[in-house]
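Let us take a friendly walk through a protein made of helices, looking at how its pieces sit against one another. Have the sequence and the 3D view ready as you read.

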Amino acid sequence: MTVTTRALLTPVLRTLPWRALAAGGATGLLLAGIPRMLSGVPDPWLGLLALRGAALAFALGLAFLLDDPARHITSAVPVRRPLRVGLRVALAAPWAALCWTAAVFLVPEEARPPVGALTLEAIATAVFALASAALIIQRSTVTEPGVAVSTWLLSTAAAAFLLLPDGWALLVTPDDPRWADTHERWAMLLAVATVVGARACVEPLRAWLRLRPL
């Protein structure tokens, strides 16, 4: 870890949107715990819905991760955007992993869907949210893209559930013959979101030229 990175850790940690992250985490854990709260035999379909709801709630919290009211001040410091964004993601990643692990164990084992496949869905949804926020920041002067991204993410989730044709379904059950093909599409979505997010973290050329010493 470089001296610059160590010096940035504490300021970045203090500026993380902890309220939004905590709200997303608490909502996700509450949703994941619903099957355990109900009496009777655990329902696998309810367990699947609970974990997918938890994954969406965690992603909605992460949609606010890049919110920075002081963006126009920090953009003038000699620290490139990839490092600033990378630190935020690195600091939030353990929180997200802990929340997801807790959510998985909250669902009774009898009702728990295949964890690997659901983890892929959760990661893809979270990276999708982060990439969208990074893209908005790169292409606009918005300092807090979280509200717009979370609204768009909810709309996209509803559209994926209601409007996608059967051949492109993303939200199927484990006993559906399309389960394996669906998760190949989730893997492709994750790859695309990762590439787009990484590209969106690069400083625009015009900004680099403005900061370059003469």
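A good place to begin is one pair of helices: L21, A22, G25, L29 and A32 in α2 meet W95, C99, A102, A103 and L106 in α6. Here, contact means heavy atoms within 4.5 Å. By class, this contact of α2 with α6 has nine nonpolar, one polar and no charged residues. In this scheme Ala, Val, Leu, Ile, Met, Phe, Trp, Tyr, Cys and Pro are nonpolar, Asp, Glu, Lys and Arg are charged, and the others, Gly among them, are polar.

Before going on, a word about the source: this is a predicted model, in which local features need pLDDT of at least 70 and side-chain atom pairs count only at pLDDT 80 or more, while totals for chains, interfaces and linings use all residues. Residues are numbered from 1 along each chain as its sequence is written, and side-chain values use heavy atoms, with hydrogens and water left out.

**The whole chain**

The protein chain has ten helices and zero strands. Helices (H or I, at least four residues) and strands (E, at least two) are DSSP runs, numbered from the N terminus. Of the 214 residues in the protein chain, 41% are buried; buried means under 20% relative accessible area, exposed over 50%, and partly exposed in between (1.4 Å probe, protein chains only). Among contacts between residues at least 6 apart in sequence, 78% join residues at least 24 apart.

**How the helices pack**

The table lists three helix pairs. Axes are lines fitted to C-alpha atoms, for helices over the stretch in contact, and angles run from 0 to 180 degrees between N-to-C directions.

| Helix pair | Angle | Axis distance |
|---|---|---|
| α2 (residues 18-32) and α6 | roughly 15° | within 8 Å |
| α2 and α4 | about 180° | 7 Å |
| α4 (residues 44-62) and α8 (residues 146-162) | about 155° | 9 Å |

How do we put these angles into words? Under 35 degrees counts as roughly parallel, over 145 as roughly antiparallel, 65 to 115 as roughly perpendicular and the rest as oblique. At roughly 15°, α2 is therefore roughly parallel to α6. At about 180°, α2 is roughly antiparallel to α4. The α2 side of that contact includes A20, L21 and G24, and the α4 side includes A50, G53 and A54. By class, the contact of α2 with α4 has ten nonpolar, six polar and no charged residues.

Helices α4 and α8 are also roughly antiparallel to each other. L56, A59 and L60 in α4 meet S150, L153, L154 and A157 in α8, a contact with six nonpolar, one polar and no charged residues.

**Single residues to find**

Which cysteine of α6 meets α2? C99 is in that contact, and C99 counts as buried because its relative accessibility is 9%. C201 is buried too, at 13% relative accessibility. The structure holds zero disulfides, a disulfide being a pair of cysteine sulfur atoms within 2.5 Å.

Where is R80? R80 sits in the loop between α5 (71-74) and α6, and at 44% relative accessibility R80 counts as partly exposed. R80 and C201 are 121 residues apart in sequence and 9.1 Å apart in space, C-alpha to C-alpha.

Finally, A93 lies in helix α6 (residues 81-106) and is partly exposed, at 39% relative accessibility. From C-alpha to C-alpha, A93 and L62 are 9.6 Å apart in space and 31 residues apart in sequence.
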